[in-house]
Amino acid sequence: MRTSSFYSLVFALLSSVSVTAIAAPGNAPEVMNTPLVQDMATKAQSGKVDLNSADAPTLQRELAGVGEAKAKAIVAYRESNGAFASVDELLEVKGIGKAILDRNRDKIEVN
């Protein structure tokens with residue numbers, strides 16, 4: 001009787017080890033964080049955001065003090081008035097003041 005109990009314990013131990021080995025993740029494959037094509041188009045080589053090609057989510061993500069509403073206002077201004085001629089023209093957008101422009105001046109450009 002002792003032998004069968006011993007074999008049962010060994011079987012249970014080996015079964016749990018094999019289940020653990022199967023369930024445990026091995027080396028997870030590395031996922032490359034490649035930038036999106038759209039991000040590459042809106043950010044120039046200098047790393048700045050182009051006001052004339054960036055979409056609202058990009059503006060919201062990259063510019064300090066620019067939330068969803070202000071980012072949509074920038075895109076709407078661009079669509080109704082044409083391309084921005086200068087960075088300072090951003091002051092014409094409702095909700096964008098001198099403080100926001102000054103905070104983001106080094107992050108934006110006009111192409």
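# Exercises on a predicted model

The protein has five helices and two strands, and the model examined here is a predicted one.

## Exercise 1: the overall architecture

Describe the order of the elements from the N terminus on, and then state what share of the residues count as buried.

**Solution.** Begin with the chain order: from the N terminus on, the elements run α-α-β-α-α-α-β. Turn next to burial, where 24% of the 111 residues of the protein count as buried. The surface follows: the protein exposes about 7900 Å², and carbon and sulfur atoms supply 60% of that area. Finally, consider the contacts between residues at least 6 apart in sequence, of which 44% join residues at least 24 apart.

## Exercise 2: a patch on the surface

Work out which residues form a nonpolar patch together with Phe6, and find the helix in which phenylalanine 6 lies.

**Solution.** Locate the residue before its partners: phenylalanine 6 belongs to helix 1, which covers residues 2-23. On the surface, Phe6 joins Tyr7, Val10 and Leu14 in a nonpolar patch, and together these residues have about 430 Å² of accessible area.

## Exercise 3: aspartate 50 and its surroundings

Determine how far the nearest side chain of opposite charge is from aspartate 50, and identify the backbone nitrogen that the side chain of this aspartate reaches.

**Solution.** Aspartate 50 sits in strand 1, residues 49-50. This residue is buried yet has no salt bridge, and the nearest side chain of opposite charge, that of arginine 78, is 7.0 Å away; a salt bridge would require the charged atoms to be within 4 Å. The side chain of aspartate 50 does, however, reach the backbone nitrogen of asparagine 52 at 3.1 Å.

## Exercise 4: asparagine 52 in its loop

Explain why asparagine 52 counts as buried, and trace the backbone atoms that its side chain reaches.

**Solution.** Asparagine 52 is placed in the loop between strand 1 and helix 3. Its relative accessible area is 18%, and the residue therefore counts as buried, because the cut-off for that class is under 20%. The side chain of asparagine 52 reaches the backbone nitrogen of phenylalanine 84 at 2.5 Å, and likewise the backbone oxygen of asparagine 111 at 3.1 Å. With neighbours within four places in sequence left aside, asparagine 52 is in contact with Arg78, Ala83, Phe84, Val110 and Asn111.

## Exercise 5: glycine 67

Classify glycine 67 by its relative accessible area and place it in the chain.

**Solution.** Glycine 67 occupies the loop between helix 3 (56-62) and helix 4 (68-81). With a relative accessible area of 30%, glycine 67 is partly exposed. Glycine 67 and alanine 56 are 11 residues apart in sequence, while their C-alpha atoms are 9.1 Å apart in space.

Technical notes
Residues are numbered from 1 along each chain as its sequence is written. This is a predicted model: local features need pLDDT of at least 70, side-chain atom pairs count only at pLDDT 80 or more; totals for chains, interfaces and linings use all residues. Side-chain values use heavy atoms; hydrogens and water are left out. Patches are made of residues with over 30% relative accessible area and no salt bridge: like charges are joined within 9 Å, nonpolar side chains (Val, Leu, Ile, Met, Phe, Trp, Tyr) within 5 Å. Accessible areas come from the Shrake-Rupley method with a 1.4 Å probe; for residues, only the protein chains shown count as cover. Helices (H or I, at least four residues) and strands (E, at least two) are DSSP runs, numbered from the N terminus. Buried means under 20% relative accessible area, exposed over 50%, partly exposed in between (1.4 Å probe, protein chains only). Contact means heavy atoms within 4.5 Å. Lys and Arg count as positive and Asp and Glu as negative; His and the chain ends are not counted. A polar contact is a pair of N or O atoms within 3.5 Å; within protein, one must be able to donate a hydrogen and the other to accept it, and residues adjacent in sequence count only if both atoms are side-chain atoms.
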